[in-house]
Amino acid sequence: MTADSELTDEVLRAYAGTPDPRLRELLAALIRHLHSFAAETGLTTGEWMAGLEFLTAVGQKCDPERQEFILLSDVLGLSSLVEGQNAAEGATEPTVLGPFYRPGAPHRAMGQHIGRSADGAATLIRGRVTGTDGEPVEAATLDVWQCAGNGCYDIQDPDQPEFNLRGVFTTGADGSFAFRTVRPVSYPVPVDGPVGDLLRASGRHNWRAAHVHAIVSAPGYQPVTTHIFDAENEYLDSDAVFGVRDSLIRTFRPAGQADPADVRYVTDVDFVLGRPQRAPLADSQ
């Protein structure tokens with residue numbers, strides 16, 4: 001046994017008495033993988049310090065309106081991996097929350113527009129929320145948000161009103177919903193912080209495929225954090241945060257004679273909710 005492996009075993013023993021079993025499992029795996037990473041790469045003292053300074057800078061870039069750690073998790077593909085492995089069987093595929101979610105969006109009437117005409121081409125999004133058995137889910141909520149046509153979310157753009165292009169909608173007895181918004185556009189994730197430095201050093205672009213965010217939830221069901229992607233977008237195959245799922249891509253078709261006269265595009269999308277898979281960490285204590 002090497003000195004390195006002896007140290008790893010010593011650290012693992014120090015945490016072996018962690019009372020909560022799930023926390024004990026997570027800490028043990030984290031320690032093993034961190035030590036293995038350092039040993040496999042021959043991590044130098046300078047590289048270790050640079051990593052700590054990078055993580056410190058990520059934390060310093062966080063504020064109530066921007067979560068640089070979520071952005072870091074996104075561009076490394078971790079957010080997408082965690083969402084996917086916690087998906088309910090048979091339900092709508094999840095994808096990343098993103099760094100610009102803002103709780104407290106206003107509840108809006110069915111069919112209401114969440115934005116302004118200046119934000120882009122008026123678009124009707126409609127569909128149903130069902131369970132995996134196909135039964136409609138009444139009183140499900142859809143918390144939706146997106147950027148404006150200039151590629152900025154309201155919290156990035158002082159010219160947008162508060163909670164612009166954000167809203168919460170509640171399904172009817174048949175599980176149906178409808179809301180007006182604008183056709184989504186591609187936008188760059190922020191590169192003015194340490195995550196931007198990482199992307200530049202890696203030679204990666206920082207563009208997201210055009211999408212509308214949604215968190216769909218209902219009592220007794222596992223909520224799903226997901227997107228509606230535009231089928232004609234150029235970044236579907238190279239999304240900066242690895243968030244695209246084929247099942248979430250939709251056609252934004254031009255409105256026809258049978259559609260409302262105040263919209264230019266229409267897309268139909270259904271969401272499927274599954275039952276909870278596993279109790280969260282807090283429930284095990």
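Modeller: A polar contact is a pair of N or O atoms within 3.5 Å; within protein, one must be able to donate a hydrogen and the other to accept it, and residues adjacent in sequence count only if both atoms are side-chain atoms. Threonine 123 offers an example, since its side chain reaches the backbone nitrogen of arginine 183 at 3.0 Å.

Biologist: What kind of model is this, and how are its residues numbered?

Modeller: It is a predicted model, in which local features need pLDDT of at least 70, side-chain atom pairs count only at pLDDT 80 or more, and totals for chains, interfaces and linings use all residues. Residues are numbered from 1 along each chain as its sequence is written, and side-chain values use heavy atoms, with hydrogens and water left out.

Biologist: Back to threonine 123, then. Which backbone oxygen does its side chain reach?

Modeller: The side chain of threonine 123 reaches the backbone oxygen of alanine 121, also at 3.0 Å.

Biologist: And where does threonine 123 lie: in which strand?

Modeller: Threonine 123 belongs to strand β1, which covers residues 122–131. Helices (H or I, at least four residues) and strands (E, at least two) are DSSP runs, numbered from the N terminus.

Biologist: Is threonine 123 buried or exposed?

Modeller: Threonine 123 is buried, because its relative accessible area is 0%. Buried means under 20% relative accessible area, exposed over 50%, and partly exposed in between (1.4 Å probe, protein chains only).

Biologist: How much of the chain is buried?

Modeller: Of the 285 residues in the chain, 41% are buried.

Biologist: Let us turn to the overall picture. How many helices and strands are there?

Modeller: The chain contains six helices and twelve strands. Its C-alpha trace spans about 75 × 40 × 30 Å along the principal axes.

Biologist: In what order do the strands of the open sheet come?

Modeller: Five strands form this open sheet, in the order β3-β2-β7-β8-β9, and their pairing is mixed. The edges are β3 (166–170) and β9 (249–250), each of which pairs on one side only. Two strands pair if DSSP finds at least two bridges between them.

Biologist: What holds paired strands together, in general?

Modeller: Strands of a sheet pair through backbone hydrogen bonds, either parallel or antiparallel.

Biologist: How do β2 and β7 pair: parallel or antiparallel?

Modeller: Strand β2 (residues 141–145) and strand β7 (residues 211–217) are antiparallel, with five bridges between them. Threonine 141, for instance, has serine 217 of β7 as its bridge partner.

Biologist: What about β7 and β8; how many bridges join them?

Modeller: Six bridges join β7 to β8 (residues 224–230), and these strands also run antiparallel. In one of these bridges, alanine 214 is partnered with threonine 226 of β8. The two strands form a hairpin with six residues between them, and glycine 220 in the turn has a positive phi of about 85°.

Biologist: Why is β7 described as largely enclosed?

Modeller: Six of the seven residues of β7 are buried, so the strand is largely enclosed by the rest of the structure.

Biologist: A change of topic: how many disulfides are there?

Modeller: The count is zero, where a disulfide is a pair of cysteine sulfur atoms within 2.5 Å. For cysteine 62, the nearest cysteine sulfur is that of cysteine 152, 19 Å away. Cysteine 152 is likewise in no disulfide; the nearest cysteine sulfur to it belongs to cysteine 147, 7.7 Å away.

Biologist: What is the relative accessible area of cysteine 62?

Modeller: Cysteine 62 has a value of 23%, which means that it is partly exposed. Cysteine 152 is partly exposed too, with a relative accessible area of 23%.
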